[in-house]
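Hello,

Here is the structure I promised to pass on. Please open it and keep it on screen while you read my notes below.

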Amino acid sequence: MARIGFIGLGNMGLPMSLNLRKVGHSVAGFDVSAAAVEKLVAGGGTAADAIKAAASNVDAVISMLPSGSEVREVYLKAGVLDAITPDTLLIDCSTIDVDSARQVSAAAREKGLAMLDAPVSGGVAGAQAATLTFMVGGTEQAFARAKPLLEAMGKTIVHAGPSGNGQAAKICNNMVLGISMIAVSEAFVLAERLGLDAQKLFEISSKSSGQCWSLTSYCPVPGPVPTSPANRDYQPGFTAAMMLKDLRLAQEAARSAGASTPLGAEAAALYGLFVGNGFGGRDFSGIIRFLRGT
Ligand code: NAD
């Protein structure tokens, strides 16, 4: 069984670290919130009193932090790269910008350390149930070492290529999701105005060329898909604020790589308005209300 240092014990990190405990790994956790660390201790982990302490004498460091600035802070400024032995594997599971992911893994490589970017999809429910999907960037060797640990927290583990490619996969996928949710919402709003019943549009489009996940698994109108957040007043789910974060990361990456993503830009602008009007805590499928003008 491995010794793991876990940094960032929030909505995602805490259940992920507890799943590592459940299969028998030892977990020393650090978070700037003492209350978060206490929850890990209650679940059988130990408290590290500083970032360096969480990273010392462990086989792997796993982090689950809000954004690129915290990841750069933890790995580059707080001294994780100096605190660990060369055989310690570094795995950052946060969703961050591709450039920061590549910058931090290059700094690790310069010190002879293996680092993976391994963002997830599946949300808090997936973190609790250990059914997350991991999209992993880094070397084949580091991926092979990380796989058993990731399997304790997730169900689908995909190696996406070299450093940064895990983050690239995550933001490309979520750009599709953001755009397609707006497209499906616009279609339902137009159908309403044209006097076409939502259930009828669903029956037809779900079996036609308009079929997509936003329609058939996460339908933004109540009724056709009983499990979708539309049936519970758009309680998340996946919040609009999280979708906006990922769409902005996609735009940042598109600018940096010189890619043209006009619909991605429009989706980021629309979610920006939705969140700016106070709906950041709602499920992202609630954008249909905004498009409807209600
Ligand atoms: P969260 O805010 O609940 O947790 C982040 C934790 O990091 C907090 O407990 C915070 O105190 C801690 N933290 C912040 N700065 C720190 C530092 N310098 N050192 C140590 N700890 C620090 O966020 P979350 O919902 O757990 O999300 C974490 C990451 O996972 C984000 O990048 C998010 O985009 C991604 N993600 C979240 C979801 C979701 O549904 N919540 C789904 C997929 C991916």
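What follows covers the ligand site and then one loop.

Bear in mind that this is a predicted model.

**The ligand site**

Start with the location. The ligand sits in the largest pocket. Three elements give two or more residues each to the shell around the ligand: α4 (68-77), α7 (123-129) and α12 (240-257). Two domains take part. Domain 1 (3-119) and domain 2 (168-292) each supply at least three residues of the shell.

The shell holds 22 residues. The closest are Asn11, Met12, Asp31, Leu65 and Lys245. By class, twelve residues of the shell are nonpolar, six are polar and four are charged.

**Polar contacts**

Three residues are worth a look here. Two of the contacts use the backbone. In Met12, a backbone N or O atom lies 2.9 Å from an oxygen atom of the ligand. For Leu65, the distance from a backbone N or O atom to an oxygen atom of the ligand is 2.9 Å. Lys245 uses its side chain: an N or O atom there is 2.8 Å from an oxygen atom of the ligand.

How much of the ligand does the protein cover? On its own, the ligand has 840 Å² of accessible area, and the protein covers 84% of that.

**The loop between α11 and α12**

Now move to the loop between α11 (213-216) and α12. Two backbone features turn up there.

As background, most residues other than glycine have a negative phi, and most peptide bonds are trans.

Asp233 is in this loop. Asp233 is not a glycine, yet its phi is positive, at about 55°.

Then look at the peptide bond between Pro236 and Gly237. That bond is cis, with omega about 5°. Gly237 also belongs to the loop between α11 and α12. The helix at the end of this loop, α12, is one of the elements that give two or more residues to the shell around the ligand.

That is the full handover. Send me your comments once you have been through the site and the loop.

Best wishes

Definitions and conventions. Residues numbered from 1 in each chain as written. Predicted model: local features only at pLDDT ≥ 70, side-chain atom pairs only at ≥ 80, totals over all residues. Heavy atoms only, no water. Near = heavy atom within 4 Å. Polar contact = N/O pair within 3.5 Å; in protein donor to acceptor, adjacent residues only side chain to side chain. Areas by Shrake-Rupley, 256 points an atom, 1.4 Å probe, with all protein chains shown as cover. 1 Å grid on protein atoms, 1.4 Å probe; cavity = no way out; pocket = protein on both sides within 12 Å on 5 of 7 lines; lining within 4 Å. Sits in = over half its atoms within 2 Å of the grid points. Helix = DSSP H or I, 4+ residues; strand = E, 2+ residues; numbered from the N terminus. Nonpolar A, V, L, I, M, F, W, Y, C, P; charged D, E, K, R; others polar. Domains from an automatic or database assignment.
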